[in-house]
Amino acid sequence: IAAQPELAARYTTIGRSVAIVTNGTRVLGLGNIGPVASMPVMEGKAIFYRQCAGISATPILVDTEDVDEFVETVVRIAPTFGGIHLEDISAPACFEIERQLRARLDIPVFHDDQHGTAVVVLAALRNAAAVCGSDLASLRVVVLGAGAAGTATARLLRTAGAGVVTVADRAGTITTSRTDLNDEKRALAEELGATGATRGLAEVLRDANVLIGLSGPRLVTVDMVETMGHPRIVFALANPEPEIDPVTVADKVDIMATGRSDYPNQVNNVLAFPGIFRGLLDARASSVTSNMVLAAADALAAAVPPELRSAEYILPSVFDTAVVPAIAKAVAAAARADGVARKAAKDNAAP
């Protein structure tokens, strides 16, 4: 291994290990509760890795909110692992942390709150559109929430070919005309070509086909939903309380999804990250590319057979054992196609 470092992935646990790293500044439904209190969430993720994908995942709690300190800590422990899973880190720091780590490390770095969410949303929306007899290119999409999940989802939907994508936060739509935007939101506005005057949520939802809520509870009213066009697709994904009560709008929408397990169509990141990292490790990928993320979303969408898709079945169950292998295969193939794989498909040696 000293002479040939690449052998470490084959003959040690490095090639089978992922670090789940957090500072606990943006824990789902709880906010900034600190690293120690976030440990149960990280342990839960580790269990999903083991149970769903056979990956050894280690929670790493980093006690700092300073971006540079966080990055330096992860860089120094990174040789232990085959990949870095960033979790529950607040925006906009999470964007800079991921950027710096991807630039400095030769192993994949994946912020689950950004890209894991985006993958599952895209897969769900592809199938929802198909159920409604539409396609992505024909949809007018409003993303409510411009944090980690909302920003990444908007970018991925745009990359995947969604017709019109508009992002709004509590102050209105994200446009270059606003003077209160941070660097990340301004960059997003420029990427989406949002240059006009900012509009309120009620206005921008009028005639929209899709609402993707990645924000907070009770921000959307029934009146707003009733002004939307058809097909009318609402993903109210805030947890534990969604942007609008799904029961109150069930008869007013064509398809409804939430982040909760007690309603149909749960949009849950566990559908994505175990299979994505299984594929990354199988290919010994050096990085994560846009094509790999798109491939994961396509594989997840395809896990629901066309003949079984319905308004209440646009995503597979988190217990569907076929999901992880399908996503892993697609991600590994995309890694090889993009030239970032260090293990050939025919190489059947561990890992």
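The following conversation concerns aromatic pairs, nonpolar cores and one threonine in a predicted model.

Biologist: What should be kept in mind about the numbering and the values?

Modeller: Residues are numbered from 1 along each chain as its sequence is written, and side-chain values use heavy atoms, with hydrogens and water left out. Since the model is predicted, local features need pLDDT of at least 70 and side-chain atom pairs count only at pLDDT 80 or more, whereas totals for chains, interfaces and linings use all residues.

Biologist: Why is the pair of Tyr49 and Phe277 called edge-to-face?

Modeller: Rings of Phe, Tyr and Trp (its six-membered ring) pair if their centres lie within 6.5 Å, and planes under 30 degrees apart count as stacked, over 60 as edge-to-face and the rest as tilted. Tyr49 and Phe277 are 5.9 Å apart centre to centre, with 80 degrees between the planes, so the pair meets the edge-to-face definition.

Biologist: What makes this pair a link between parts of the chain that are apart in sequence?

Modeller: Tyr49 lies in helix α3 (residues 39-53) and Phe277 in helix α11 (residues 273-282), so the pair ties together parts that are 228 residues apart in sequence; helices here are DSSP runs (H or I, at least four residues) and strands likewise (E, at least two), numbered from the N terminus.

Biologist: How do you know that Phe110 and Phe277 form an edge-to-face pair?

Modeller: Phe110 and Phe277 have 5.9 Å centre to centre and 85 degrees between the planes, so this pair also satisfies the definition. Phe110 lies in strand β4 (residues 109-111) and Phe277 in helix α11, so here the parts tied together are 167 residues apart in sequence. Tyr49, Phe110, Phe273 and Phe277 form one aromatic cluster.

Biologist: Why is Thr117 called buried?

Modeller: Buried means under 20% relative accessible area, exposed over 50% and partly exposed in between (1.4 Å probe, protein chains only). Thr117, found in helix α6, has a relative accessible area of 9%, so this residue is buried.

Biologist: What makes the approach of Asp113 to the side chain of Thr117 close enough for the polar-contact distance?

Modeller: The backbone oxygen of Asp113 lies 3.2 Å from a polar atom of the Thr117 side chain, and a polar contact is a pair of N or O atoms within 3.5 Å, where within protein one must be able to donate a hydrogen and the other to accept it, and residues adjacent in sequence count only if both atoms are side-chain atoms.
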